[in-house]
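The exercises below work through one protein model, from single residues to the whole fold. Try each task against the coordinates before reading its solution.

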Amino acid sequence: MLKKLKLENILFLDIETVPEFESFHQLSEEKKILWEDKSKYQRKEDFTAAEFYDRAGIWAEFGKIVCISVGYFTFQQEERHFRTTTFFGEEDQLLQEFKALINQYFNKTSHLLCAHNGKEFDFPFIARRMLIHGIELPEKLNLFGKKPWEVPHLDTLELWKFGDYKNFTSLKLLTHILGVPSPKEDIDGSQVRDVFYHDRNINRIITYCERDVVAIAQIILKFRQEKLLTENEIVSV
């Protein structure tokens, strides 16, 4: 079934998130209490709520998106290209720009969104942050009333599980075992917060995010038993 999909109908994506504020102490008193309650099962007695706040970026209620990178295939006669681009800046603006891309170019029934662990993280995180900002969800993210087979999402983690829902495989591990060039050449997800708040280096995060998008596309090619992308075929715009 995967081989029957047209690659140009898939929008590959990855997001990078950080805590909403640089420090726990910047939260309102009410939200500090809410964070303590939200995080207590994960941090247990090993960390205080303040000490654990650097991990707040994994929850849409306490984090924010600093960039969304996307990629898509284009075909011209015998030439294949994979184009990547990134939306970044103020969160409400980048979400609006991402929505505009979907609504204009990936709004047909045949179009799909694809991410690694996207069904558990990227897709719901984007949808939640849009609602927080009062942005109406694009059809590709509005799953209300949809049957499972009508959900327009591909997830490379789900494809790799083959129905084994006990298993989690990171993008880094999956690229390694499939012989796909590793996207983790500079930083990893645990460092994004410090690169954003301490180094103030959004370009470094964008490069990292776009590499993940390329890796996700490479995994789909591997599943389809097609040739991997070469550097000459990848264009950042």
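**Exercise 1.** The model is a predicted one. Decide whether N117 is buried or exposed, and list what N117 touches beyond its sequence neighbours.

Solution. Start with the accessibility: the relative accessible area of N117 is 18%. The cut-off for buried is under 20%, so N117 counts as buried. Next, place the residue: N117 sits in the loop between β4 and α4. Finally, collect the contacts. Leaving out residues up to four places away in sequence, N117 touches D122, D155, L157 and F168. One of these partners, D122, is itself among the buried residues of α4.

**Exercise 2.** Determine how many of the 11 residues of α4 are buried, and which elements they pack against.

Solution. First list the buried positions: D122, F123, P124, F125, I126, A127, R129 and M130. That makes eight of the 11 residues, so α4 is largely enclosed by the rest of the structure. Then look at the surroundings: the buried residues of α4 pack against β1, β2, α3, β4 and β5 (153-155). Last, check what follows the helix. After α4 comes G134, with a positive phi near 75 degrees.

**Exercise 3.** Find which residues have the most contacts inside the largest nonpolar core, and which elements give two or more residues to this core.

Solution. The largest nonpolar core holds 24 residues, and L13, I68, F98 and I126 have the most contacts inside it. Two or more residues of this core come from each of β1 (10-19), β2 (63-76), α3 (91-105), β4 (112-115) and α4 (122-132). Now take F98 as an example. Beyond four places in sequence, F98 touches L11, L13, I68, V70, F87, I126, M130 and L141. A second core lies apart from this one; it has 22 residues, including L7, I10, F73 and I219.

**Exercise 4.** Describe the surroundings of L11 in strand β1 and of I219 in helix α8.

Solution. Take L11 first.
- L11 has 0% relative accessibility and therefore counts as buried.
- Among the residues that L11 touches, those up to four places away in sequence aside, are V70, G71, Y72, F98, L101 and C114.
- The C-alpha atoms of L11 and V70 are 6.6 Å apart, although 59 residues separate the two in sequence.

Then take I219.
- I219 also counts as buried, because its relative accessibility is 0%.
- With residues up to four places away in sequence set aside, I219 touches T156, L171, L174, T175 and L178.
- T156 is 63 residues from I219 along the chain, and their C-alpha atoms are separated by 7.3 Å.

**Exercise 5.** Examine phi at Q77 and at R200, and state where each residue lies.

Solution. Begin with the expectation: most residues other than glycine have a negative phi. Q77 departs from this, with a positive phi near 55 degrees. Q77 belongs to the loop between β2 and β3 (79-88). At 82% relative accessibility, Q77 is exposed. R200 is likewise not a glycine and has a positive phi of about 55 degrees. R200 is placed in the loop between α7 (192-197) and α8 (202-223), and its relative accessibility of 56% makes R200 exposed.

**Exercise 6.** Summarise the whole chain: its secondary structure, its radius of gyration, its contacts and its surface.

Solution. Count the elements first: the protein has eight helices and six strands. Their order along the sequence is β-α-α-β-β-α-β-α-β-α-α-α-α-β. Then compare the radius of gyration with the globule rule. For 237 residues a compact globule would have a radius near 18 Å, and the protein's value of 18 Å agrees. The C-alpha trace spans about 60 × 40 × 35 Å along its principal axes.

Turn next to contacts and burial. Of the contacts with a separation of 6 or more, 72% join residues 24 or more positions apart. Of the 237 residues, 46% count as buried.

Finish with the surface and the charges. The protein exposes about 13,300 Å², of which carbon and sulfur atoms supply 50%. There are 32 positive and 38 negative side chains, and the centres of the two sets are 6 Å apart.

Note on methods: Residues numbered from 1 in each chain as written. Predicted model: local features only at pLDDT ≥ 70, side-chain atom pairs only at ≥ 80, totals over all residues. Heavy atoms only, no water. Helix = DSSP H or I, 4+ residues; strand = E, 2+ residues; numbered from the N terminus. Rg over C-alpha atoms; globule rule 2.2 N^0.38 Å. Buried < 20%, exposed > 50% of the residue type's maximum accessible area, 1.4 Å probe, protein only. Contact = heavy atoms within 4.5 Å. Areas by Shrake-Rupley, 256 points an atom, 1.4 Å probe, with all protein chains shown as cover. Lys, Arg positive; Asp, Glu negative; His and termini not counted. Charge placed at Lys NZ, Arg CZ, Asp CG, Glu CD. Core = buried A, V, L, I, M, F, W, Y, C linked by side-chain atoms within 4.5 Å.
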